[in-house]
Amino acid sequence: MTISVQGVVSRGKGEPVQVTEVLVPEPGPGEALVRVQACGVCHTDLHYKMGGIGDDYPYLLGHEAAGVVEAVGDNVTDVAPGDFVILNWRAVCGQCRACKRGRPWYCFATHNATQKMTLADGTPLSPALGIGAFAEKTLVAAGQCTKVNPGIAPATAGLLGCGVMAGLGAAINTGGVTRGDTVAVIGCGGVGDAAILGARLAGAKTIIAVDIDDRKLEWAKEFGATHTINSRSSDAVEGIRGLTGGFGADVVVEAIGRPETYKQAFFARDLAGVVVLVGVPTPDMQLDLPLLEVFGRGGALKSSWYGDCLPSRDFPMLVDLHLDGRLPLEKFVSETVGLGDVEAAFTKMEHGDVLRSVVVF
Ligand code: APR
Ligand code: ZN
Ligand code: ZN
């Protein structure tokens with residue numbers, strides 16, 4: 001039986017989002033119906049609204065979510081009604097060339113629900129990142145539900161489903177930060193701060209936070225930054241080199257997605273160091289670097305998609321570390337809001353007033 005819920009829908013490029021009726025089908029084979037308890041407001045939701053991702057309106061926004069499985073369709077064995085889960089947008093297929101080579105965190109054919117959620121008039125909705133969780137209930141592929149310890153607060157848990165995982169994974173999985181490393185993180189929003197937290201967890205010795213906003217640098221210290229640089233008032237590359245014996249950092253994470261800050265990351269790393277790009281650029285951006293330096297500096301220039309995470313491996317482990325008092329993920333939740341407050345949360349995000357606003361149900 002189809003159920004009716006309230007959800008946040010973006011109907012056209014740049015238009016304010018609306019809370020409206022959404023019809024959710026009963027789960028079919030391989031699908032799960034999830035009662036959403038919390039969902040963070042992420043930049044990607046704003047990109048959908050602004051037309052930066054595609055033109056498949058109407059979109060059902062929201063994708064950083066946690067909740068409880070309410071029902072499952074046929075052939076679902078990994079999760080059952082009553083399970084507390086974080087939703088992921090990497091339900092690996094097991095069949096593509098990446099999965100077959102034992103690298104499922106690159107899976108090129110991830111699963112989403114087969115059936116469509118719709119508006120009341122039957123218009124099919126495009127769920128953000130195949131999730132659509134600014135809704136009281138959502139329909140996903142069962143593999144998008146990752147069961148974790150229910151002791152964690154839903155508002156905190158949901159953030160692992162996207163931005164916080166992207167930042168933690170950029171440092172730990174993609175950058176391979178390890179004990180004694182020097183690390184610099186350029187851009188200290190939620191993603192950059194998560195990279196700082198990841199670097200601390202991995203045992204980095206020096207963690208340098210770079211931002212143009214002093215408020216963000218103060219917050220970065222709470223996540224484990226040992227030094228800060230305001231790159232509006234001083235040179236980021238000089239500063240990072242100065243704090244690393246004149247050499248540059250072993251790992252530099254760029255968490256903005258701009259050519260000028262990527263260049264800073266490139267020149268601020270030590271020989272044989274690693275640059276990790278986790279910030280998402282726009283299609284108009286170009287990068288110009290001296291090729292001799294690309295060769296001569298060695299090391300690796302990597303991109304981090306979703307923190308190279310494998311949800312089934314990473315989410316339960318990170319939740320357990322949090323519950324053990326070793327990963328203060330709750331600090332990313334700047335405020336909790338209602339379903340009707342997503343538009344206002346976008347404005348706060350654009351003004352840099354919050355790390356994350358989280359819709360709670
Ligand atoms: N130099 C240094 N810091 C900058 C610069 C700059 N030129 N421009 C912006 N910043 C800082 C901002 O002050 C802010 O603190 O970068 C930070 C960006 O943070 P948010 O806007 O909160 O973004 P966040 O959610 O962390 O995401 C960062 O990662 O996943 C991607 O799409 C996401 O591209 C985005 C990036
Ligand atoms: Zn695959
Ligand atoms: Zn996101």
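## Close-up views of a predicted model

**View 1. Thr 156 sits in helix H3.** The model shown here and in the views below is predicted. Thr 156 is buried, at a relative accessible area of 6%. Beyond its neighbours within four places in sequence, Thr 156 is in contact with His 322, Leu 329, Glu 330 and Val 333.

**View 2. Three residues coordinate the zinc ion (ligand 3).** The donor atoms are SG of Cys 42, NE2 of His 63 and SG of Cys 162. They lie at 2.0 to 2.2 Å. Along the chain, the donors follow the spacing C-x20-H-x98-C. Cys 42 and Cys 162 are 120 residues apart and link distant parts of the chain. Cys 42 is in the loop between strand E3 (31-40) and helix H1 (43-49). Cys 162 is in the loop between helix H3 (154-159) and H4. Are these two cysteines buried or exposed? Cys 42 has a relative accessible area of 5%, under the 20% cut-off, so it counts as buried. Cys 162 is buried too, at 6%.

**View 3. Helix H4 crosses helix H5 obliquely.** Two packed helices are described by the angle between their axes and the distance between the axes. For H4 (residues 163-174) and H5 (residues 190-202), the axes come within 7 Å and cross at roughly 45°. An angle of roughly 45° is neither under 35 degrees nor in the 65 to 115 range, so the pair is oblique. The crossing of H4 past H5 is right-handed. On the H4 side, the contact is made by Gly 163, Val 164, Gly 167, Leu 168, Ala 171 and Ile 172. On the H5 side, Val 191, Ala 194, Ala 195, Leu 197, Gly 198, Ala 199 and Leu 201 take part. The residues of this contact divide into 10 nonpolar, 3 polar and no charged.

**View 4. Helix H4 also meets helix H10, roughly perpendicular to it.** The axes of H4 and H10 (residues 311-323) come within 12 Å. They cross at roughly 100°. That angle falls between 65 and 115 degrees, so the two helices count as roughly perpendicular. Met 165, Leu 168 and Asn 173 of H4 touch Arg 313, Asp 314, Phe 315 and Leu 318 of H10. What is the make-up of this contact? Its residues divide into 4 nonpolar, 1 polar and 2 charged. Leu 168 of H4 is listed in the contact with H5 and in the contact with H10.

**View 5. Ser 312 is an exposed residue of helix H10.** Its relative accessibility is 56%, over the 50% cut-off, so Ser 312 counts as exposed. Ser 312 and Asn 88 are 224 residues apart in sequence. In space, their C-alpha atoms are 9.4 Å apart.

**View 6. Ile 207 is buried in strand E12.** The strand spans residues 206-211. Ile 207 has a relative accessibility of 1%. Which residues touch Ile 207, leaving aside its neighbours within four places in sequence? They are Val 183, Ile 196, Ala 199, Arg 200, Gly 224, Ala 225, Thr 226 and His 227. Ala 199 of this list also belongs to the H5 side of the contact with H4. Gln 18 is 189 residues from Ile 207 in sequence and 41 Å away in space, C-alpha to C-alpha.

**View 7. Gly 299 is exposed in a loop.** The loop runs between helix H9 (291-296) and strand E16 (300-303). Relative accessibility of Gly 299 is 53%. Gly 299 touches Arg 269, Ala 272 and Gly 273, not counting residues up to four places away in sequence. Gly 273 is 26 residues from Gly 299 along the chain, with 4.9 Å between their C-alpha atoms.

**View 8. A cis peptide bond joins Tyr 57 and Pro 58.** Omega is about -5°. Pro 58 is in the loop between H1 and strand E4 (59-60).

**View 9. Leu 129 and Asp 308 have positive phi values.** Neither residue is a glycine. Phi of Leu 129 is near 50°. Leu 129 lies in the loop between strand E8 (126-127) and strand E9 (137-141), and is partly exposed, at 22% relative accessible area. Asp 308 has a phi of about 45°. Asp 308 is in the loop between E16 and H10. With a relative accessible area of 8%, Asp 308 is buried.

Note on methods. Residues are numbered from 1 along each chain as its sequence is written. Chains are lettered from A and ligands numbered from 1 in the order in which they are written. This is a predicted model: local features need pLDDT of at least 70, side-chain atom pairs count only at pLDDT 80 or more; totals for chains, interfaces and linings use all residues. Side-chain values use heavy atoms; hydrogens and water are left out. Axes are lines fitted to C-alpha atoms, for helices over the stretch in contact, and angles run from 0 to 180 degrees between N-to-C directions. Helices (H or I, at least four residues) and strands (E, at least two) are DSSP runs, numbered from the N terminus. Angles under 35 degrees count as roughly parallel, over 145 as roughly antiparallel, 65 to 115 as roughly perpendicular and the rest as oblique. A crossing is left-handed if the near helix is turned anticlockwise from the far one by less than a right angle, and right-handed if clockwise. Contact means heavy atoms within 4.5 Å. Ala, Val, Leu, Ile, Met, Phe, Trp, Tyr, Cys and Pro count as nonpolar, Asp, Glu, Lys and Arg as charged, and the others, Gly among them, as polar. Donors are N, O and S atoms within 2.8 Å of the metal (3.2 Å for Na, K and Ca); water is not among the atoms, so sites may look incomplete. Buried means under 20% relative accessible area, exposed over 50%, partly exposed in between (1.4 Å probe, protein chains only).
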